[in-house]
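Biologist: I would like a close look at a single part of this model, followed by its setting in the rest of the chain. Please state the cut-offs as you go.

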Amino acid sequence: MSYPAAPLDPIVLSSQKQRVAYFYDSDVGNYAYGAGHPMKPHRIRMAHSLIMNYGLYKKMEIYRAKPATKQEMCQFHTDEYVDFLSRVTPDNMDMFAKEQVKFNVGDDCPVFDGLFEFCSISGGGSMEGAARLNRGKCDIAINWSGGLHHAKKSEASGFCYVNDIVLGILELLRYHPRVVYIDIDVHHGDGVEEAFYTTDRVMTCSFHKYGEYFPGTGELRDTGIGKGKNYAVNFPLRDGIDDVTYKSVFEPVITAIMEWYRPTAVVLQCGGDSLSGDRLGCFNLSMKGHANCVNFVKSFGLPTLVVGGGGYTMRNVARTWTYETGLLVGQFVGPEIPYNDYYEYYGPDYQLEVRPSNMQNANSKEYLDRIRTTVLENLSRTKFAPSVQMTDVPRDAPEEEPEEDTEESKEMRGGSQEAWDSHIQKDGELSDSEDEGEGGRRDIRSYKDDVGDTAMIDADEDEDDEDTPVESGKP
């Protein structure tokens, strides 16, 4: 027996005003895993074009993050793995045959032109988003080029090379005693869970397909070890789950986490492969069913880093991340698709909605009730939020002095921090974020220290590049 399909209740926007920082690098769409590979970074460019053409730029600040450095990647990944990623290219990959086997780089995770730069963009966006959240410069940070949750400490996996989520969480832990990670990708968030499996300072919560499905982890009984016991939450699901049944398990579990664990920051991975009709997925969520999760997490009003993830039907990923960006800035968008650089991808109806299919829901009420009961029982064993004794953050390597302010940038900033904070980036006016100074992602202080000082952000005059498609075929 399975739940009958039923319409989801209308999404209600929060009246709470939240400041949103949006990270995008126009270079990200230039990278390609290779012909026939399902992972296409071009989808991020498609989403950005929709976001801009709906006018959402008026409601948020737009930044271009500094790419993550090798040193920053090594806060989680091993030196030799990062060094390999920085050196291997399609031209010299034959020289790295042993390393490719060792680091699981090959078929699913191929060597492609600009591999390291792509990883740097993804990692930099999540780290800088976390840095701005830490400094109280925004309430929500968005990095759709992030969310690569399968990457391990010394191994690529599932189209992921550098785990930007772990890097972002490590940044948040400099200031926050407890962080919750929530994953709505159809695949288990194994790389993030593994990174924090033995600590109570990060609770990981993944809703995913389980059973003869990549990566094969995420069983209900996997709850953490040592100090991390009961701080890993896994909700294994079966094929065909729809909006109403997903909501019936997502909202009670997240509510319990917020009540018992009391996180001070949230990281939300919004993998689009849980949408109906995904090329690799097997769930039956509509755009609004997926977005309901984002809106629900937002309603708690905690500092939140929102990242992308999987999603292999490009037009639907772009639709959904655009709609969710709208919810995060407090604006409904749609139903018509506005004219944009990739308008032809959205035919024949040119509507924003991603609709569910009539596929069977293999998740019975009895099955979901049993899993939900067990998950809530495990959460109750955590009792109260763990206390954390914070210590000074180790000093980083010296950084280069920032460039001097130009008269033009001083004039744009209006002479005061308040004036700059109220400035919203215009269409095509992307800024190079410089959260590198006090309170930035390379700060040396703990969350207890004063974070009143802020770093300025210089406008990038060369960021008017037009988006150009990298593929001739339709998704």
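Biologist: How many of the twelve residues of α1 are buried?

Modeller: This is a predicted model, in which local features need pLDDT of at least 70 and side-chain atom pairs count only at pLDDT 80 or more, while totals for chains, interfaces and linings use all residues. Residues are numbered from 1 along each chain as its sequence is written, and side-chain values use heavy atoms, with hydrogens and water left out.

Eleven of the twelve residues of α1 are buried, so that the helix is mostly covered; buried here means under 20% relative accessible area, exposed means over 50%, and partly exposed lies in between, with a 1.4 Å probe and protein chains only. The buried residues are H42, R43, I44, R45, M46, A47, H48, S49, L50, I51 and M52. Helices (H or I, at least four residues) and strands (E, at least two) are DSSP runs numbered from the N terminus, and α1 covers residues 42-53. Its end C-alpha atoms are 17 Å apart, which agrees with the 16 Å that twelve residues should span at 1.5 Å a residue, the expected span being 1.5 Å times one less than the number of residues. Just after the helix, G55 takes a positive phi of about 80°.

As for what does the covering, β1 (20-23), β2 (61-64) and α10 (314-329) are included among the elements over the buried residues of α1. Within α10 sits R319, which counts as buried because its relative accessibility is 5%. Not counting residues up to four places away in sequence, R319 touches L50 of the helix you asked about, and also M287, I337, Y346, D349, Q351, L352, E353 and V354, a contact being heavy atoms within 4.5 Å. In the loop between α10 and α11 (365-380) lies P348, and the peptide bond that leads to P348 from G347 is cis, with omega near 5°.

Elsewhere in the chain, strand β5 (residues 202-209) offers another covered element: eight of its eight residues are buried, so it is largely enclosed by the rest of the structure. V202, T204, S206 and H208 point one way from β5, and M203, C205, F207 and K209 the other way. Strand β4 (residues 179-183) pairs with β5 in the parallel sense over five bridges, where pairing requires that DSSP finds at least two bridges between the strands. From β4 the chain crosses through helix α7 (residues 190-195) to β5 in a right-handed β-α-β crossover, meaning that, with the strands pointing away from the viewer, the path from the first strand over the helix to the second runs clockwise. Strand β6 (residues 232-237) also runs parallel to β5, joined by six bridges, and P236 in β6 is the bridge partner of H208.

Taken as a whole, the protein chain has 13 helices and ten strands, and 58% of its 475 residues count as buried. Its pLDDT, the predictor's confidence in each residue from 0 to 100, averages 86, and 79% of the residues score at least 70. Over residues 395-422, however, the pLDDT is below 50, and this stretch has 32 contacts in the model beyond near neighbours in sequence. Residues 444-475 likewise stay under 50 in pLDDT, with 86 contacts beyond four places in sequence.
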